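Subject: Structure handover

Hello,

I am passing on the structure we spoke about. Please open it first; my notes on what was found follow below.

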Amino acid sequence: MDQLSEKELAAINDLLADEELLTKKFKMLAKQTDDVEIKQKYERISEQHQGHFNALYEQLR
């Protein structure tokens with residue numbers, strides 16, 4: 001893989017921070033609801049954002 005530019009690294013870093021925040025927010029929301037269906041949806045959304053984070057992180061390897 002070609003080396004990433006500083007601008008690309010900065011963009012990936014920003015995206016990683018965004019995905020990490022969204023992962024944490026949806027985990028928090030899942031813990032705060034008593035509705036099982038909503039809890040499951042929040043957990044799935046959190047897992048999706050964790051997947052996005054992992055995919056972006058792989059670009060740095």
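A salt bridge, as the term is used here, is a side-chain nitrogen of Lys or Arg within 4 Å of a carboxyl oxygen of Asp or Glu. By that rule Lys41 and Glu37 form a salt bridge, because their closest N and O atoms are 3.7 Å apart. Please keep in mind throughout that the model is predicted.

Salt bridges

The Lys41–Glu37 pair sits within a single helix, H2, which covers residues 36–58. Lys41 and Glu37 are 4 residues apart there, about one turn of the helix. Lys41 is partly exposed, at 40% relative accessibility, and Glu37 is exposed, with a relative accessible area of 51%. The cut-off for exposed is over 50%, so Glu37 at 51% counts as exposed, while Lys41 at 40% does not reach it and counts as partly exposed.

How many salt bridges does the structure hold? The number is 3. Another one joins the side chains of Lys24 and Glu20, with 3.7 Å from N to O. Both residues belong to helix H1, residues 6–32, and being 4 residues apart they are separated by about one helical turn. Lys24 is exposed, with a relative accessible area of 53%; Glu20 is partly exposed, at 38%.

There is also a salt bridge between Glu58 and Arg61, whose closest N and O atoms are 3.8 Å apart. Glu58 counts as partly exposed at 43% relative accessibility, and Arg61 as exposed at 69%. As general background, side chains of opposite charge can pair when their charged atoms come close.

How the helices pack

Two packed helices are described by the angle between their axes and the distance between the axes. For H1 and H2 the angle is about 160 degrees, and the axes are 8 Å apart. That makes H1 roughly antiparallel to H2, because an angle over 145 degrees counts as roughly antiparallel. The crossing of H1 past H2 is left-handed.

Which residues make the contact? On the H1 side they are Ile12, Leu15, Leu16, Glu19, Glu20, Leu22, Thr23, Phe26, Lys27, Leu29, Ala30 and Lys31. On the H2 side they are Lys39, Tyr42, Glu43, Ile45, Ser46, His49, Gln50, His52, Phe53, Leu56 and Tyr57. Sorted by type, the contact of H1 with H2 has 12 nonpolar, 5 polar and 6 charged residues. Glu20, from the salt bridge with Lys24, is one of the residues in this contact.

Residues at the contact

Is Ser46 buried or exposed? Ser46, in helix H2, is buried, with a relative accessible area of 3%. The cut-off for buried is under 20%, so the 3% of Ser46 meets it. Setting aside residues up to four places away in sequence, Ser46 touches Thr23, Phe26 and Lys27.

His49 is likewise placed in helix H2. At 14% relative accessibility His49 counts as buried. Leaving out its neighbours within four places in sequence, His49 is in contact with Glu19, Leu22, Thr23 and Phe26. Thr23 and Phe26 therefore appear in the contacts of Ser46 and also in those of His49.

Lys27 is in helix H1 and is partly exposed, with a relative accessible area of 47%. Besides being touched by Ser46, Lys27 has a C-alpha 8.9 Å from that of Lys39, a residue 12 places away in sequence. Lys27 and Lys39 are both among the residues of the contact between H1 and H2.

Separations along the chain

Two further distances may help you find your way around. Asp2 lies in the segment before H1 and is exposed, at 69% relative accessibility. The C-alpha atoms of Asp2 and Gln32 are separated by 44 Å, with their positions 30 residues apart along the chain.

Ile38 lies in helix H2 and counts as partly exposed at 36% relative accessibility. From Ile38 to Leu4 it is 39 Å, C-alpha to C-alpha, and the two are 34 residues apart in sequence.

Regards

Conventions:
Residues are numbered from 1 along each chain as its sequence is written. This is a predicted model: local features need pLDDT of at least 70, side-chain atom pairs count only at pLDDT 80 or more; totals for chains, interfaces and linings use all residues. Side-chain values use heavy atoms; hydrogens and water are left out. Helices (H or I, at least four residues) and strands (E, at least two) are DSSP runs, numbered from the N terminus. Buried means under 20% relative accessible area, exposed over 50%, partly exposed in between (1.4 Å probe, protein chains only). Axes are lines fitted to C-alpha atoms, for helices over the stretch in contact, and angles run from 0 to 180 degrees between N-to-C directions. Angles under 35 degrees count as roughly parallel, over 145 as roughly antiparallel, 65 to 115 as roughly perpendicular and the rest as oblique. A crossing is left-handed if the near helix is turned anticlockwise from the far one by less than a right angle, and right-handed if clockwise. Contact means heavy atoms within 4.5 Å. Ala, Val, Leu, Ile, Met, Phe, Trp, Tyr, Cys and Pro count as nonpolar, Asp, Glu, Lys and Arg as charged, and the others, Gly among them, as polar.
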